[in-house]
Structure formats: structure tokens, C-alpha cells
Amino acid sequence: MYRNFFSVSGITLLSRLAGFLRDVMVSAFIGAGAMGDAFAVAIRLPSHFRAIFGEGAFNAAYVPTYLRIYEQSDIWAARHFADQIFTLLVLSQLVTLALGWIFMPAFVHLLAPGFAAEPEKFALAVKLTRITFPYLFCITLVTLHSGTLNAHGKFALPAFAQVLFNLVIMAFLAVSFLFPNAAYAAAAGVTASGVAQLALLTFSARRMHVMEKLARPQLTADVRAFFRMFGPAVIGSAGVQIAMFADTIIGSLLPTGGLSSIYYADRLYLLPVGLVGVAAGTVLLPEMSRCFAREDWAGAFTAQNRTLAMTLTLTAPFAVAFVLIPDLIVGALFQRGAFHAADTIATASVLRAYGFGLLAVVAINALRSGFQAMGDTRTPMMVSLGALAVNLLLKIVLYKPMGAAGIALATSVNAWVNLIALMVIGGRRFLFQPDALLKGVVMAAATSAVLLANVALVLQGPFVAFGHRFGLLGGPIALALLGIVGATVYAGAVVGFCRALGVTAAQMGLGRLTRRKQ
């Protein structure tokens with residue numbers, strides 16, 4: 001399982017690095033003004049739909065059902081099921097695409113009601129979103145192919161598809177002089193990247209002989225079981241996404257630049273979420289589903305605890321950095337071209353607020369997988385609805401006095417409410433059973449994070465002063481040096497504290513992984 005986890009994480013890291021370069025280009029070409037606000041809406045609408053209805057909810061219902069059929073019947077029954085779902089997805093996405101194009105002004109008004117006060121920005125947002133919306137059709141089919149390949153133990157290529165998203169947008173920005181402005185170029189790149197990802201995954205599925213094909217739709221028992229799981233999963237898997245949807249809606253009511261600051265902070269915040277949280281959920285769900293189908297309860301919970309321990313350990317340094325040095329991070333990565341010092345300050349405050357909820361966001365995937373692997377998507381749905389109610393109330397209360405940072409803080413609170421509820425309910429239903437290994441690793445990571453925080457506070461000033469000698473490269477150099485020192489201290493501390501607490505590499509399942517690499 002760890003080989004798959006690190007495979008997905010490694011490729012996700014490559015994707016996030018490409019995404020960082022993309023965001024550097026976006027910030028330099030588009031900036032954080034009216035054009036940046038319009039593009040933020042244009043990219044968020046299809047991305048939110050994808051995350052809510054495509055990746056999270058779809059995988060939660062599709063992968064366990066596909067694996068159950070495959071384990072209890074045969075590959076042909078599983079392929080027949082996949083063909084049925086493929087056909088229904090194609091038909092539903094064609095309808096969604098048509099409705100989106102026709103009613104796009106209404107969609108944009110719903111997503112960004114504050115734009116109505118600025119007709120030019122609203123019109124630009126509508127045009128850009130019409131360009132990006134076909135991306136949803138492509139990426140939904142990509143999600144299906146990815147789910148099928150994941151079920152057969154293939155994780156690398158589906159993870160690599162996201163790299164294309166960033167590379168294609170960067171290519172279009174490089175030739176933005178061919179478009180009315182850079183926002184049009186980036187929007188066109190979004191849809192073109194969807195086509196590229198679909199082509200890559202279609203090739204991979206054909207090569208593996210698991211390519212789905214159009215079939216006459218039939219409401220078989222398996223298809224009905226899928227939809228019974230899919231409905232609640234739409235909400236259960238989408239709590240954080242719906243919260244971020246609300247960020248966009250309420251953010252549009254802020255002065256110009258507020259929505260852009262949320263967008264840029266969100267891009268940094270999604271680095272560890274994708275690198276660790278999504279990778280963990282992607283690998284853990286099929287692993288637990290397979291164990292539950294075989295009634296291997298001990299194997300399922302061992303996998304969950306190991307994944308949760310690894311997830312929290314890898315994410316803690318990001319949380320520390322986002323809370324303590326957001327100004328340095330944002331300034332070093334984005335402050336150039338059309339992105340000014342005031343934009344850095346605004347974006348940093350949002351990133352700090354997101355940082356408070358980062359650990360909860362990445363841990364939710366591992367907790368939710370226990371319910372989903374057992375076919376229970378209703379409980380995560382109800383938990384998500386409760387957390388969402390708290391979230392929306394806090395956004396309404398905080399966005400005026402705190403601005404964009406208040407919106408992000410409410411999202412962080414939402415994540416913690418969601419996580420704590422899943423832990424309590426999962427514990428009572430024996431779907432989450434923390435063992436001594438998880439407790440030991442969490443204690444080691446928490447202690448190491450406190451040490452890292454002190455290193456960041458002490459060394460930030462000297463490194464920034466040193467970076468000033470290098471002019472425009474000063475910020476990136478200071479951040480890189482602080483990152484190297486902090487990562488070294490944190491890694492050494494985690495290893496040392498784990499040994500002191502009796503947690504070994506063999507217990508974590510890392511011993512076999514090390515021997516394979518030798």
C-alpha cells in the first residue's frame with residue numbers, strides 16, 4: 001500500500017510543482033485585480049463540480065462497488081457494471097454541458113453575486129466560465145477511468161494526468177499574446193488540459209483492457225446499489241468543497257482583490273491537501289474496500305491507522321508554515337509582475353486562516369474511507385451537512401469584520417467539526433479503531449511540530465535579512481533555506497521521538513518498502 005501511496009504522492013508533488021509554476025505565471029500575467037477575480041470564478045466552477053460530483057462522490061460509490069463485483073463475481077461482471085456507469089456519465093455530462101452553456105450567466109450570478117455591481121467583471125466571468133466549463137465533461141470521464149485503473153492497482157498514470165492540467169495552462173499562457181488577454185488564454189488552457197487528460201487515461205485504459213464502452217443503460221441491481229451510495233456521497237465527500245464554494249460566493253461580495261486573495265491562498269493550501277490527503281484517500285479506499293470484501297477487518301484497520309499516521313506526520317510541517325510564516329511564503333512565490341506587496345499581505349492572512357484547518361482536512365479522507373469502504377455514505381453525508389451549517393453561519397458572521405481571512409477561518413472550523421464527528425461516530429461503530437502505533441506517531445509528530453515552530457520563529461528574521469542581499473531572489477532564497485533547515489530538524493525529531501516511544505519502521509510497514517528499494 002505504501003508503494004502506491006508514495007507513487008501517487010510523488011507524482012502529485014510533481015503536479016503541485018507544475019501547479020506552482022502555473023500560479024506564478026497566472027499571478028504575473030493576470031494579477032489580483034478584476035481580471036484575476038473573473039478567472040478565479042471561471043476556474044472554480046468546473047473545479048468545484050468536478051471535486052463534488054466527479055472525484056470525491058464518484059470514487060466513494062464506484063470503487064467499492066466495482067471491487068465488490070470483481071472480488072465476488074468476475075472481471076466480466078465488473079466490466080459490464082463499468083460500461084453502464086460510463087454510458088450514464090456520458091449522457092448526464094452532455095446534458096450538464098448544454099445547460100451550463102445556456103444558463104451560464106445565472107450560474108455565475110449564483111457563484112459570484114457580488115459581481116453584479118461591476119458589469120464588466122461579470123461579463124468577463126461569464127465568457128471565461130463558458131470557455132472552461134467543457135473541462136467538467138472531460139474530467140468526469142477521466143475520474144471513471146482513474147477509478148477503474150485504481151481498482152486494478154494502477155495509480156501512477158491516473159495521478160500523472162493532473163500534471164497535464166498545469167503544463168497545458170502554462171503553454172497557453174506562454175502564447176497569451178494570441179488571445180484578447182491572458183485570462184482568455186488561461187481559460188482556454190483549462191479546457192485543453194481536460195482533453196489531454198482524457199486522451200491519456202483513455203490510452204491507459206485501452207492498454208490495460210479495461211476501457212469502458214457505451215452500452216444500453218440498464219438499472220441492474222449493481223447500478224442501483226451504486227446510486228444508493230452515490231447520492232449521499234455527493235454531500236458526504238463534498239463538505240470541504242461546498243465550504244470553498246461558499247468562499248467564492250461570499251468572497252465576491254468583498255472589494256476587488258478579495259476573491260483573488262482567496263484563490264491564491266487556496267492554491268498553496270491545496271498543495272498538502274493533494275500531496276498527502278487526496279493521495280491517502282485514493283490508495284486507502286480500494287485497500288479497505290478489498291479488505292472488507294474479504295472480511296479482513298484487522299487488515300483494514302491497520303491500513304487506516306498507518307495511513308492516518310503518515311498523513312498527519314507529513315502534513316504537520318505545512319500547517320506550521322502556513323500559520324507562522326505565510327507572508328514569507330506568499331511574497332517569495334507570488335510577489336512579482338501584477339502581484340504587489342498589498343496583495344501579499346491580503347493573501348497571507350487568508351493562508352494563515354486556512355492553515356488552522358489543514359490537519360483536519362487531510363485526515364478527513366482517511367476517516368471517511370472507513371465508512372465508504374463498508375458502503376455507508378449516508379453517515380459522512382449527515383456529518384458534512386452539520387459541519388456545513390456551522391461553516392456557513394461563521395462565514396456570514398466573519399466576512400465583514402475579517403474580510404477574506406474570516407471566510408477561510410470558517411472553512412477551517414468546518415473541517416475540524418467534520419473530522420471530530422467522524423472520529424466519534426466511527427469509534428462507536430468500530431469503523432475507526434486507533435491503535436498504539438497511531439497514538440505514538442501523532443505524539444511524536446506533535447512534539448516535532450512544536451520544535452519546528454520555534455525554529456521558524458527564531459530563524460525567519462535572519463534568513464530574510466540574508467536574502468535581501470540577492471534582490472528579487474531574496475524571498476525565494478530565504479524561504480528555501482528556512483524550508484531546508486526546518487525539514488531537516490522536523491524529520492530528525494520525528495524519527496528520534498518515534499524511537500523513544502517504541503514506534504519502529506516495521507510497525508509502520510516501512511521496513512518492507514525499504515527492502516524493496518535496496
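User: Which residues does I85 touch, not counting residues up to four places away in sequence?

Analyst: I85 touches F58, Y62, L144, V223 and F226. Contact here means heavy atoms within 4.5 Å.

User: Before we go on, what are the ground rules?

Analyst: This is a predicted model, where local features need pLDDT of at least 70, side-chain atom pairs count only at pLDDT 80 or more, and totals for chains, interfaces and linings use all residues. Residues are numbered from 1 along each chain as its sequence is written, and side-chain values use heavy atoms, with hydrogens and water left out.

User: How many helices and strands does the protein chain have?

Analyst: The protein chain has 21 helices and zero strands. Both are DSSP runs numbered from the N terminus: H or I over at least four residues for a helix, E over at least two for a strand.

User: And what share of the residues is buried?

Analyst: Buried residues make up 57% of the 518 in the protein chain. Buried means under 20% relative accessible area, exposed over 50%, and partly exposed in between, with a 1.4 Å probe and protein chains only.

User: What share of the contacts between residues at least 6 apart joins residues at least 24 apart?

Analyst: That share is 85% in the protein chain.

User: Back to I85. Which residues touch the most other members of the largest nonpolar core?

Analyst: Y62, I85 and L128 do, in a core of 131 residues. Helix α2 (residues 34-72) gives the most to this core, with 13 residues. A nonpolar core is a set of buried Ala, Val, Leu, Ile, Met, Phe, Trp, Tyr and Cys residues joined through side-chain atoms within 4.5 Å.

User: T65 is in α2 too. Why does T65 count as buried?

Analyst: T65 counts as buried because its relative accessible area is 2%. T65 touches F81, D222, F226 and M229, leaving out residues up to four places away in sequence.

User: Now rings. How many aromatic pairs are there?

Analyst: The structure holds 13 aromatic pairs. Rings of Phe, Tyr and Trp (its six-membered ring) pair if their centres lie within 6.5 Å; planes under 30 degrees apart count as stacked, over 60 as edge-to-face and the rest as tilted. F81 and F226 form an edge-to-face pair, 6.1 Å centre to centre with 70 degrees between the planes.

User: Where do F81 and F226 sit in the chain?

Analyst: F81 is in helix α3 (residues 75-102) and F226 is in helix α9, 145 residues apart, so the pair links distant parts of the chain. Both are buried.

User: What about F172 and F179?

Analyst: That pair is tilted, at 6.1 Å centre to centre and 45 degrees between the planes. F172 is partly exposed because its relative accessibility is 25%. F179 is also partly exposed, at 26%.

User: Which residues do ring pairs link into a cluster?

Analyst: Y62, Y66, F81, F226 and F227.

User: Switching to helix shape. Where is the kink in α16?

Analyst: The kink is centred on I396 and is about 30 degrees. The bend at a residue is the angle between axes fitted to the seven residues ending there and the seven starting there. Helix α16 (residues 378-402) has 25 residues and reaches 34 Å from its first C-alpha to its last, close to the 36 Å expected at 1.5 Å a residue. The expected span is 1.5 Å times one less than the number of residues. Among the buried residues of α16 are K395, L398 and Y399.

User: What follows α16?

Analyst: G403 follows α16, with a positive phi near 70 degrees.

User: Which residue other than glycine has a positive phi?

Analyst: One of them is H209, with phi near 60 degrees. H209 lies in the loop between α8 (182-207) and α9 (221-236). H209 is exposed because its relative accessible area is 60%.

User: How many disulfides?

Analyst: Zero. A disulfide is a pair of cysteine sulfur atoms within 2.5 Å. C138 is buried at 8% relative accessibility, and C498 is buried at 11%.

User: Last one. Where is G496?

Analyst: G496 is in helix α19 (residues 474-500). G496 counts as partly exposed because its relative accessibility is 37%. The C-alpha atoms of G496 and S448 are 9.3 Å apart, with their positions 48 residues apart along the chain.
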